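Colleague: I would like a close look at one part of this protein: its charged side chains and how they pair. Please take me through the pairs one by one.

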Amino acid sequence: MNTFRSAILGGAGIAPSTPLVTTKKGGKAKGERLGSVEISRDAGRITDHRDEDRHRLARETATIEYKGKKLEADLINLSGGGAMIEADIRPRLWDRVDLYLGEGSPIECAVRWLRKGRIGLEFAHETHIECDPEQRDALLLEVIRRSFPELVTALPVVPPAPEAEAAPDAVSRRGEIRHPLIWNGVILWQHDVHTVRLRNISASGVLVDSQVVFPEGVELLLDLGQCGQYFATVSWSRGSQAGLLFSKPFDLSVLAAGKPEIAGQRWDKPKYLDLSSGQSTPWASEWERRQLAELASDLEGFLKH
């Protein structure tokens, strides 16, 4: 650990051309392979892969939270995009389940399929920013203004609504606002570079998806490009997911300096759902994301109240 930190801080640099970091070789993993960098799958399934094991776990358990109650679940397998569990719950399709794989924030999931007592969970796709709603709103609006200015130049000016006219559930909707932005980075460890995706990030740590397994307790460097580089320690690691603790408090506002990716429109009705009405499930609305222009307009309104 000390050798690694000394090499970084001693001026060896972090460019791939230095002896410390070499270029990662090999083809990019695709589809739903464990730990694939291409975690998003915007196209619909061509075949039914729900019974395929992604990363089978032997006698593993995890904590889940469903409808405000926490309980233990058997973790059958795990991948970069979701998990299969068995638990004493009777969820409906599209219900929300929070999955705790280690210390810190959970991974927000949606129930995608139910079969023979097993539950298929799909991870929410946006990077979840752990802070108070006002700080998050200001950050998201700044990101849109800096990285996607063409979307906000034509936005109408939204006058602040009278406080008395604010709907009782407005604060609740604001707290549950969904955005389509995904932040990525690279981890420098063992003289190599590993692409990661940020799932949850807070001032104290970050939950990442990776194509490698990082041992618990190791120190590494998280490079977020224009957002900066940060030393962190692996606090837990399970399959393609790892929790990192920053060595110093992380300033979430720096995320505005880097351009995130935009997640595709997801949560389409699975083909195996037999709904005679032909409409989407009544629970899917919770997972709908706003378009960036619409989101920017909403955030402008929130911040003027």
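Modeller: One cut-off comes first: buried means under 20% relative accessible area, exposed means over 50%, and partly exposed lies in between. Keep in mind that this is a predicted model.

Side chains of opposite charge can pair when their charged atoms come close. Here the count comes to 11 salt bridges. We will visit a few of them.

Start with Arg 92. Its partner in a salt bridge is Asp 95, and the closest N and O atoms are 3.8 Å apart. How open are the two ends? Arg 92 has a relative accessible area of 40%, so Arg 92 is partly exposed. Asp 95 has 6%, so Asp 95 is buried.

Now take Glu 126. This residue forms a salt bridge with Arg 178, with 2.5 Å between the closest N and O atoms. Look at where the partners sit. Glu 126 is in the loop between β6 (118-123) and β7 (128-129), while Arg 178 is in the loop between α3 (170-175) and β8 (181-182). The pair therefore ties together parts that are 52 residues apart in sequence. Glu 126 counts as buried, because its relative accessibility is 8%. Arg 178 counts as buried too, at 6%.

Next comes a pair within one helix. Arg 146 and Glu 142 meet through their side chains in a salt bridge, at 4.0 Å from N to O. Both residues lie in helix α2 (residues 133-147). They are four residues apart, which is about one turn of the helix. Glu 142 is partly exposed, because its relative accessible area is 31%.

Some pairs link up further. Arg 96, Asp 98, Glu 108, Glu 126 and Arg 178 are joined into one network by salt bridges that share partners. You have already met two of its members, Glu 126 and Arg 178.

Stay with helix α2 for another charged residue, Asp 137. Its relative accessibility is 0%, so Asp 137 counts as buried. The Asp 137 side chain makes a polar contact with the side chain of Arg 136, at 2.8 Å.

Last, a word on cysteines. A disulfide is a covalent bond between the sulfur atoms of two cysteines. How many disulfides are there in this model? The count comes to zero. Cys 109 counts as buried, at 0% relative accessibility. Cys 227 also counts as buried, at 6%.

Definitions and conventions. Residues numbered from 1 in each chain as written. Predicted model: local features only at pLDDT ≥ 70, side-chain atom pairs only at ≥ 80, totals over all residues. Heavy atoms only, no water. Buried < 20%, exposed > 50% of the residue type's maximum accessible area, 1.4 Å probe, protein only. Helix = DSSP H or I, 4+ residues; strand = E, 2+ residues; numbered from the N terminus. Disulfide = S-S within 2.5 Å. Polar contact = N/O pair within 3.5 Å; in protein donor to acceptor, adjacent residues only side chain to side chain.
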